[in-house]
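User: Got a minute to go over a model with me? I'd like to talk through its charged pairs and then a helix.

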Amino acid sequence: MSLAARGVFWTGTYVAVAVVPLVFALLGDSPPGRGFLIDFSVALGFVGLSMMGLQFALVARFQSANAPFGEDAVVQFHRQISYVATLFILAHPALLLIQDISLIALFNPVTAPWRARFAVISTVCVLAIMLTSVWRRQFRLRYEVWHGLHLLLSIASVLFALTHIELVGYYVDTPWKQVLWVVMTAAFASLIVWVRLVRPLRRLRRPWEVESVTAGRGATTTITLRPIGHEGFRFEPGQFGWITVGRSPFALTQHPFSFSSSAEADGRVQMSIKAIGDFTNSVAGLRPGTRAYVDGPYGVFTPDRNEGPGFVLIAGGIGIGPMMSMLRTFADRDDQRPCRLFYAGRTLEDTPFLEEIQQLQQRLNLTLVHVLEDPPQGWTGERGRIDQALLHRHLPERYARMQFFICGPPPMLDAMESTLAELGVPAAHIHTERFVFV
């Protein structure tokens, strides 16, 4: 099955699973004395609950499901669709109150029946998830703390909602509805077991260790990981993996980084990490021999899946990491297809791998366009930022036939997508990697 067909299949599966709970609300006899708004609010609540359960599937890293879209795109969808799911969930109590304001008594935690209390607690958990995710930095939550809260609150919200529906009773009061309900509940439980137990057990049997730690320009550290007791894995240039270093594979938090090493190297992998956050600030202090676990490879940001007569690589800051994997792989394969690298940085000291890139120009059909915002005195290269005029000056003829890969800060990605579209580059030839997982 082609990637496009698989994409259609998994999209249809998501929609189907999201609306299946409507069976509970729309089929069968409705209790007497209920208006349309009440039944409609119940239907929205069921869909919201189903979408909350699907959130676990979206971040479970099922490679077959994620392959047509890319792991980063699936995570972005996970983030955006959470707003829709929250609106559905909040619409449930809001419409109940519009239909009958006296139902506000169900929100009193002292006098309300337990079925209502569980619904309120579930809704509070959902709101807490949204607030701590959107304003994590404002709340000064460390990534690891946020991740643990996010997981626990997500599980609690679904469990309390399931208990609420079970106590209400009349939406699961027939055998066939009970069977469907058991299947959905079992699927949710299976996802938790798969993510928190099965996958860590598999990683436990395939450990890695830190072989070397190398400091580079721009507060960048490259760590080399080697497999212990196994051959590692093959990856494609531009892909990434999730790592756990110095902790058990059952630890709540893992961190995603692109591979910067050649895909043609031996079982070892390298990741180049810039110190910009909680975990990344500690990478430079890692010691060789530290135990690690790697979950990968992931991603479709790779020339191996997007063949073309040539490549244009646009990197900003540490976005050079996956580009180095591509260039090193091209060199090891003696791939002489033309390649243009637009490399943007703030200062000359903030541009890792510059010397190696210049050396690779001797082995590859590679043209480097180095762009600095704050260049040193005597700088003769490009200044400022990568924009349409700069691209127009340096892109080769028939550039629209080439494959474009862009990695860097989100504002840069947004600007480059718009700019390349204005330059006539087909959307199918523009590939981005967005490492915004929170």
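User: What does Arg-333 form a salt bridge with?

Analyst: Arg-333 pairs with Asp-304, and the closest N and O atoms are 2.9 Å apart. Keep in mind that this is a predicted model.

User: Where do Arg-333 and Asp-304 lie?

Analyst: Arg-333 is in helix α9 (residues 320-333), while Asp-304 is in the loop between β6 and β7 (311-316), so the salt bridge ties together parts that are 29 residues apart in sequence.

User: And are they buried or exposed?

Analyst: Arg-333 is partly exposed at 34% relative accessibility. Asp-304 is partly exposed too, with a relative accessible area of 25%.

User: OK, how many salt bridges does the count come to?

Analyst: The count comes to 19 salt bridges.

User: What about Asp-295 and Arg-199, how do their side chains meet?

Analyst: In a salt bridge, 2.9 Å from N to O. This pair links distant parts of the chain: Asp-295 sits in strand β6 (residues 291-298) and Arg-199 in helix α8 (residues 175-204), 96 residues apart.

User: Why does Asp-295 count as buried?

Analyst: Because its relative accessibility is 8%, and the cut-off for buried is under 20%. Arg-199 counts as buried as well, at 11%.

User: Which residues do salt bridges with shared partners join into one network?

Analyst: Arg-61, Arg-199, Arg-203 and Asp-295.

User: Switching pairs: what's the N to O distance for Arg-268 and Glu-211?

Analyst: That salt bridge comes out at 2.8 Å. Arg-268 lies in the loop between β4 (255-258) and β5 (269-274) and Glu-211 lies in strand β1 (residues 208-216), so the pair ties together parts that are 57 residues apart in sequence. Arg-268 is partly exposed, at 32% relative accessibility, and Glu-211 is partly exposed at 31%.

User: Now the helix. How many residues does α1 have, and how far does it reach?

Analyst: Helix α1 (residues 3-19) has 17 residues and reaches 25 Å from its first C-alpha to its last, close to the 24 Å expected at 1.5 Å a residue.

User: Which residues in α1 are buried?

Analyst: Gly-7, Tyr-14 and Ala-18 are buried. They cover an arc of only 30 degrees around the axis, which puts them on the same side of α1.

User: And what covers the buried residues of α1?

Analyst: The cover includes α3 (36-58) and α5 (71-99).

Methods: Residues numbered from 1 in each chain as written. Predicted model: local features only at pLDDT ≥ 70, side-chain atom pairs only at ≥ 80, totals over all residues. Heavy atoms only, no water. Salt bridge = Lys/Arg side-chain N within 4 Å of Asp/Glu carboxyl O. Helix = DSSP H or I, 4+ residues; strand = E, 2+ residues; numbered from the N terminus. Buried < 20%, exposed > 50% of the residue type's maximum accessible area, 1.4 Å probe, protein only. Expected span 1.5 Å × (residues − 1). Arc of directions from axis to C-beta. Contact = heavy atoms within 4.5 Å.
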